[in-house]
Amino acid sequence: MGQTATEKILSRAVGRTVRAGELIYPEPDLVTVHDWYTVNVHDALAELGVNRMKHPERVLICTDHEPLAVSQQAAERQARVRWVARTHEVGHFFDAGRGGHGHIFPMEMGLVRPGMFVFAYDPHVTNYGAVGCLGIALVVEVVEVLACGSAWVIVPETVRVNLTGTLRPGVSIRDVAQRLIADLDPDVVDYTVVEFGGPALASIDIDRRITLVNTPLEIGAKSALAEIDGTARDWFDARGIDHSQAVASDPDASFKQVIKFDLGRVEPQVAQPPTPDKVCGISEVIGRPVHHAFIGSCASSSLADLRDAARILSGRTVSPSVRMIITPGSNEIARQAAQEGLIEVFMQAGVMVSAPGCGPCAGGRIAPLASGETSINTGTRNDPGRLGARDADIYLASPLTVAASAVAGCIADPRAFLQE
């Protein structure tokens with residue numbers, strides 16, 4: 001019997017053939033930690049008597065949740081992060097303004113490549129699956145990896161999603177991603193790797209694959225992968241990124257479930273509070289007033305996402321009742337957006353553009369919600385208190401829908417704006 005892509009990647013990380021269900025101790029090619037947890041990592045290591053990480057050359061630390069210190073406390077925290085990176089001689093340290101979102105720029109730079117295995121603190125390391133890299137989050141247990149070089153995991157089963165059809169006008173891959181986690185059975189997806197393939201995958205570029213692999217963890221997936229095809233290889237070649245270690249599931253690999261999903265059946269989707277999988281068609285929530293709009297986060301901060309926003313915002317202005325923020329995912333994305341004139345479109349429309357990174361999605365440290373307000377945004381979570389006041393409502397949607405809603409002052413169908 002053949003192997004899944006996940007089994008192949010973990011086999012290399014262990015040094016022998018492994019199968020789903022086995023308990024293993026894989027050695028990661030890279031370990032990622034974000035700014036907010038970096039000091040905790042150092043303190044935990046110190047409590048264990050560890051004064052040097054096992055493989056500091058394989059560690060990536062970045063300042064992305066709070067790239068712009070907005071308080072003295074934040075400035076002190078950033079100073080401590082710099083000190084930790086120096087003290088442990090971390091191999092890849094990206095300070096504020098040096099990279100952007102840690103789930104985005106390592107792929108752009110080729111630090112994360114096909115066939116690699118990554119352990120991480122933050123759950124949205126699943127983003128790396130867009131380039132065929134398996135990322136698994138351990139949260140606080142990442143300390144064990146930093147101290148010892150590995151930690152135990154059970155090799156996940158794989159749920160295969162074969163994409164077919166074509167997106168309809170005004171519908172984006174974020175709509176597909178949200179519809180999928182509403183349709184998939186959480187009991188089936190739990191502790192699996194969701195693997196995307198099928199004939200329609202070729203029409204989905206890397207920017208949009210990042211969105212696709214970002215969301216399954218919200219219903220319990222351990223990680224997600226997109227199959228490496230010609231579209232992906234062209235992206236690597238254009239950037240000079242080695243993709244020789246890319247793997248694919250064998251034709252006779254064993255999947256927990258195989259699902260066929262038609263892109264053409266999706267309309268604009270909105271996730272209602274209080275969870276990302278409480279998804280409905282936009283017609284069910286259209287017209288609800290909003291006060292806050294945000295485009296960004298590790299789920300939707302690519303150049304493609306910013307281009308979608310500009311399609312709606314060009315020649316229009318944000319409603320006087322709405323404050324809108326756009327956060328590019330990385331420095332490279334911000335530079336390209338500026339070169340294409342997208343930043344000018346946003347500024348003319350009355351949008352605030354923030355430093356590359358997580359933006360408001362990181363917990364409302366910037367542009368939080370007041371009591372009773374409503375936000376529509378492209379963040380990853382919409383639980384109470386995520387962006388400030390616990391009695392504020394958060395709706396999640398595509399960049400097209402968020403931009404249309406910001407202009408209208410209420411949840412709006414982007415297809416009407418595009419038809420204009």
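Is D308 buried or exposed? D308 is buried, because its relative accessible area is 8% and the cut-off for buried is under 20%. That value, like every other one in this report, comes from a predicted model. Let us start from this aspartate and its helix, and then walk through some other spots in the chain.

**Helix 10 and its salt bridge**

D308 pairs with R311 in a salt bridge, with 3.5 Å from N to O. Both residues belong to helix 10, where they sit three residues apart, or about one turn of the helix. The two partners differ in cover: R311 is partly exposed at a relative accessible area of 47%, whereas D308 is buried at 8%.

The helix around them spans residues 303–313 and is mostly covered, with nine of its eleven residues buried. Among the buried ones are L303, L306, I312 and L313. The alanines A304, A309 and A310 are on that list too, and so are the aspartates D305 and D308. Just after helix 10 comes G315, which takes a positive phi of about 80 degrees.

**More salt bridges**

How many salt bridges does the count come to? The count is 23 salt bridges. Three pairs are set out here, with the relative accessible area of each partner.

| Pair | N to O distance | Relative accessible areas |
|---|---|---|
| E22 and R16 | 3.0 Å | E22 25%, R16 40% |
| D205 and R208 | 2.8 Å | D205 28%, R208 27% |
| R311 and D308 | 3.5 Å | R311 47%, D308 8% |

In the E22 pair, E22 counts as partly exposed, and R16 is partly exposed as well. The D205 pair reads in a similar way: D205 is partly exposed at 28%, and R208 is partly exposed at 27%. In the helix 10 pair, R311 and D308 are about one turn of the helix apart. Elsewhere, salt bridges that share partners link E27, E57 and R58 into one network.

**A nonpolar patch on the surface**

Which residues make the nonpolar surface patch of about 420 Å²? The patch is made by L23, Y25, W152 and I154. One of these, L23, is found in strand 1, which covers residues 23–24. L23 is partly exposed because its relative accessible area is 49%, which lies between the 20% limit for buried and the 50% limit for exposed.

**Two helices that cross**

Packed helices are described by the angle between their axes and the distance between the axes. Here, helix 2 (residues 35–47) packs with helix 3 (residues 72–87) at an angle of about 55 degrees, and their axes are 9 Å apart. Why are helix 2 and helix 3 called oblique to each other? Their angle of about 55 degrees is neither under 35 degrees, the limit for roughly parallel, nor in the 65 to 115 range for roughly perpendicular, so the pair counts as oblique. The crossing of helix 2 and helix 3 is left-handed.

**Backbone spots to look at**

Most residues other than glycine have a negative phi, and most peptide bonds are trans. Several places in this chain are worth a look with that in mind.

Y191 is not a glycine, yet its phi is positive, at about 55 degrees. Y191 lies in the loop between helix 7 (186–189) and strand 9 (192–197). With 28% relative accessibility, Y191 counts as partly exposed.

S297 is not a glycine either, and its phi is positive at about 85 degrees. This serine lies in the loop that runs between strand 14 (292–295) and helix 10. Is S297 buried or exposed? S297 counts as buried, because its relative accessibility is 1%.

Which two residues does a cis peptide bond join? The cis bond is between P273 and P274, with omega at about 15 degrees. P274 is part of the loop between strand 12 (269–271) and strand 13 (279–281).

**H92 and V145**

Finally, H92 is found in strand 4, residues 92–94. H92 is partly exposed, with a relative accessible area of 23%. Its C-alpha is 16 Å from the C-alpha of V145, and the two residues are 53 residues apart in sequence.

Notes: Residues are numbered from 1 along each chain as its sequence is written. This is a predicted model: local features need pLDDT of at least 70, side-chain atom pairs count only at pLDDT 80 or more; totals for chains, interfaces and linings use all residues. Side-chain values use heavy atoms; hydrogens and water are left out. Patches are made of residues with over 30% relative accessible area and no salt bridge: like charges are joined within 9 Å, nonpolar side chains (Val, Leu, Ile, Met, Phe, Trp, Tyr) within 5 Å. Accessible areas come from the Shrake-Rupley method with a 1.4 Å probe; for residues, only the protein chains shown count as cover. A salt bridge is a side-chain nitrogen of Lys or Arg within 4 Å of a carboxyl oxygen of Asp or Glu. Helices (H or I, at least four residues) and strands (E, at least two) are DSSP runs, numbered from the N terminus. Buried means under 20% relative accessible area, exposed over 50%, partly exposed in between (1.4 Å probe, protein chains only). Axes are lines fitted to C-alpha atoms, for helices over the stretch in contact, and angles run from 0 to 180 degrees between N-to-C directions. Angles under 35 degrees count as roughly parallel, over 145 as roughly antiparallel, 65 to 115 as roughly perpendicular and the rest as oblique. A crossing is left-handed if the near helix is turned anticlockwise from the far one by less than a right angle, and right-handed if clockwise.
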